[in-house]
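User: I'm new to this structure and would like a close look at a single part of it. Could you pick out one helix residue, tell me about its setting, and then show me how the rest of the chain is laid out?

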Amino acid sequence: MDHSTHAHEGHTAHAQDHSGHAGHSGHDMASNRMAVSATLHCLTGCAIGEVLGLTIGTALGLSTIATIALAVSLAFLFGYSTLPLLRAGLGVGAALSVVLAADTLSIATMEVVDNAVMAVVPGAMEAGLVNPVFWLSMPLALTIAFFAALPVNTWLLSRGKGHALTHEFHGAAVTRPWIPALQTPVLVAAIAAFFVGGLVVSVVDELGAGESGSHASALR
């Protein structure tokens with residue numbers, strides 16, 4: 001074998017090795033993007049359920065334990081999104097079985113971490129909806145819960161479980177167009193805006209209460 005042939009074969013082998021490495025890197029990036037997407041998907045449902053549960057609990061005057069139980073229950077309910085599966089033509093029972101298998105561990109991780117953070121932040125569990133502490137501690141707890149659930153989803157996806165079970169239905173042909181398609185980025189933006197609005201309202205309320213108290217003291 002002459003030198004030019006040997007060099008060509010060496011170059012080909014190196015190119016194939018580099019191509020394989022690039023393919024592996026691309027696969028890892030795709031898996032990481034899917035893990036982030038899956039975690040955000042669960043996070044939006046959990047956030048909607050928890051805020052709704054806390055709002056209902058506060059409005060009804062429920063105890064702290066009862067309010068937390070309601071918020072966690074609704075977080076699981078909203079965290080399990082069957083809409084993409086139903087739009088793709090899957091039956092209700094089949095869709096529920098898929099999302100239960102796909103999202104339970106991720107949602108459970110989020111709820112444990114989220115409530116643990118809320119319990120650690122002073123006054124967060126007792127804060128009402130017009131208290132800035134609530135609107136600051138809840139996003140903090142959800143953010144930490146996101147990073148806690150992210151490696152869980154990454155691990156599940158690496159084994160073909162978790163969000164991988166529902167991924168094929170997200171890009172499938174739509175057979176029930178009347179079922180709404182709720183995009184995760186839109187939900188994240190809406191939830192973020194809701195938290196900012198709640199914080200602004202609670203801060204204004206605090207300032208108004210403080211000014212009223214000062215005015216009343218000055219009149220005495």
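Analyst:

**A close look at Asp 103**

Asp 103 is buried, because its relative accessible area is 2%, under the 20% cut-off for that class. Please keep in mind that this is a predicted model, as you turn it around on your screen.

Where does Asp 103 sit? You will find Asp 103 in helix α4, which covers residues 92-120. Another residue to look for here is Phe 76: Asp 103 and Phe 76 are 27 residues apart in sequence, and their C-alpha atoms are 9.2 Å apart in space.

Helix α4 also meets helix α5, residues 132-158. The axes of α4 and α5 come within 8 Å and cross at roughly 145°. The crossing of α4 past α5 is right-handed. Sorted by class, the residues in the contact of α4 with α5 are 18 nonpolar, four polar and one charged.

Now let's step back to the whole chain. How many helices and strands does the chain have? There are seven helices and zero strands, so reading from the N terminus on, the elements run α-α-α-α-α-α-α. Of the 220 residues in the chain, 32% are buried, and Asp 103 is one of the buried residues.

The surface has something to show as well. A nonpolar patch is formed there by Ile 48, Leu 52, Ile 56, Leu 60, Leu 62, Leu 77 and Phe 78. Together these residues have about 590 Å² of accessible area. Helices α1 (3-60) and α2 (64-79) each supply at least two residues of the nonpolar patch, and α1 gives the most, with four.

Phe 78, one of the patch residues, is found in helix α2. Is Phe 78 buried, exposed or partly exposed? Phe 78 counts as partly exposed, because its relative accessibility is 36%, which lies between the cut-offs of 20% and 50%.

A last stop is Thr 175, in the loop between α6 (164-170) and α7 (184-219). With a relative accessible area of 48%, Thr 175 is partly exposed. What separates Thr 175 from Gly 89 in space? Their C-alpha atoms are separated by 5.4 Å, although the two residues are 86 residues apart along the chain.

Key
Residues are numbered from 1 along each chain as its sequence is written. This is a predicted model: local features need pLDDT of at least 70, side-chain atom pairs count only at pLDDT 80 or more; totals for chains, interfaces and linings use all residues. Side-chain values use heavy atoms; hydrogens and water are left out. Patches are made of residues with over 30% relative accessible area and no salt bridge: like charges are joined within 9 Å, nonpolar side chains (Val, Leu, Ile, Met, Phe, Trp, Tyr) within 5 Å. Accessible areas come from the Shrake-Rupley method with a 1.4 Å probe; for residues, only the protein chains shown count as cover. A salt bridge is a side-chain nitrogen of Lys or Arg within 4 Å of a carboxyl oxygen of Asp or Glu. Buried means under 20% relative accessible area, exposed over 50%, partly exposed in between (1.4 Å probe, protein chains only). Axes are lines fitted to C-alpha atoms, for helices over the stretch in contact, and angles run from 0 to 180 degrees between N-to-C directions. A crossing is left-handed if the near helix is turned anticlockwise from the far one by less than a right angle, and right-handed if clockwise. Ala, Val, Leu, Ile, Met, Phe, Trp, Tyr, Cys and Pro count as nonpolar, Asp, Glu, Lys and Arg as charged, and the others, Gly among them, as polar.
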